[in-house]
Amino acid sequence: MQNLNLFSIKNKIYSDGSLDTSKNISFYKCFFICNNKLVFFKNKCFYILIKNINFLNIKKKDIYILGKVKNTLFIGASLSLKKIKEISDNRVHSLMSLRDSINITDQTQVSYLSALYFLQNWKKNHKFCSKCGSINKFDNIRNYLICINQSCLRKIFPKIDPTVIILIKNKDKILLARNKNWQYNLYSCIAGFCEPNESLEETVIRETYEEVGLKLKNINYLFSQFWPFANNLMVGFEATSITTKLKVNKLEIENAIWVTKKELLSLENQKKIILPKKYAIAHSLINYWYKN
Ligand SMILES: [Zn+2]
């Protein structure tokens, strides 16, 4: 089963978390992030390849360990642009959002950059302990935050929200819907967050019924994708709708349509609908149906 899954790190071998060069690490490949934007140089993602991490003179708290491939440890650093220029002999840099960088960066890099983007955002948004209000300290070896108050020591682990996305089928058609807040003519699959005490399958049933009034059968898991922009783990399902009669929740959904493959192609060619971008799991789900 094919899924683009751009944000997964392929062939990743976890390091033991150590920055120590004696642990079979010959090189450090360091990417940079600044003010939530990735650092680029001449339209390419900027990184420094170095044998000894200490040469970069970056504080440990600013370093994120992203993964290890063969003997190279991939790391990221969240720094000011001034500091990045200082480290890189003042070469000219541009800053780019993760979303914009996807189209010009190779998949291995995007996957590491998305991890960096996610981790530094998570750290930035959890500066203080929610239990006692003290400062949280980042443990970049084990990737958690820990409260510095010795009588508290609350640990906070990265939080990822499970979200389902459903390819709803009926005979030779699938259902596409557009949220009223989306860009003009963008259509996609029904999706929604898991609520407390729900299984993924229960979320599939509830979200579909709430948004378009359909009851489902034959609910099957297909594939999943990490979505760094909103901290989601998108879990892709396919399901068959018992009927095709829609009851659209107008508070959320502007329009929902059933389409055959031929109709989908025609609507897309006429630019009457825009489908999700290639790197989105919705694109992979629709593509999976189209090619089977
Ligand atoms: Zn605390």
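Two residues count as being in contact if their C-beta atoms, placed from the backbone, lie within 7 Å. By that yardstick, take the contacts in the chain between residues at least 6 apart in sequence: 63% of them join residues at least 24 apart. The model looked at here is a predicted one.

As for the overall picture, the chain has 292 residues, and buried ones make up 30% of them. Its C-alpha atoms fill a box of roughly 65 × 50 × 35 Å along the principal axes. The secondary structure comes to 16 strands and 6 helices. The chain splits into three pieces: domain 1 covers 27–117, domain 2 covers 126–158 and domain 3 covers 161–291. Going by C-alpha atoms, the centres of domain 2 and domain 3 sit 37 Å apart.

Now for a closer look at one pair of strands. Strand β8 takes in residues 136–139, and its side chains take turns pointing to one face or the other. N136 and F138 share one face and are buried, while K137 and D139 point to the other face and are not buried. The partner strand is β9, made up of residues 144–147, and the two strands run antiparallel, with 4 bridges between them. One of the residues already met, F138, has L145 in β9 as its bridge partner. β8 and β9 form a hairpin, with 4 residues between the strands. In this hairpin N143 takes a positive phi, near 55°.

Conventions: Residues are numbered from 1 along each chain as its sequence is written. This is a predicted model: local features need pLDDT of at least 70, side-chain atom pairs count only at pLDDT 80 or more; totals for chains, interfaces and linings use all residues. Domain bounds come from an automatic or database domain assignment. A residue is buried if 20 or more other C-beta atoms lie within 10 Å of its own, exposed if 12 or fewer, and partly exposed in between; C-beta atoms are placed from the backbone. Two strands pair if DSSP finds at least two bridges between them.
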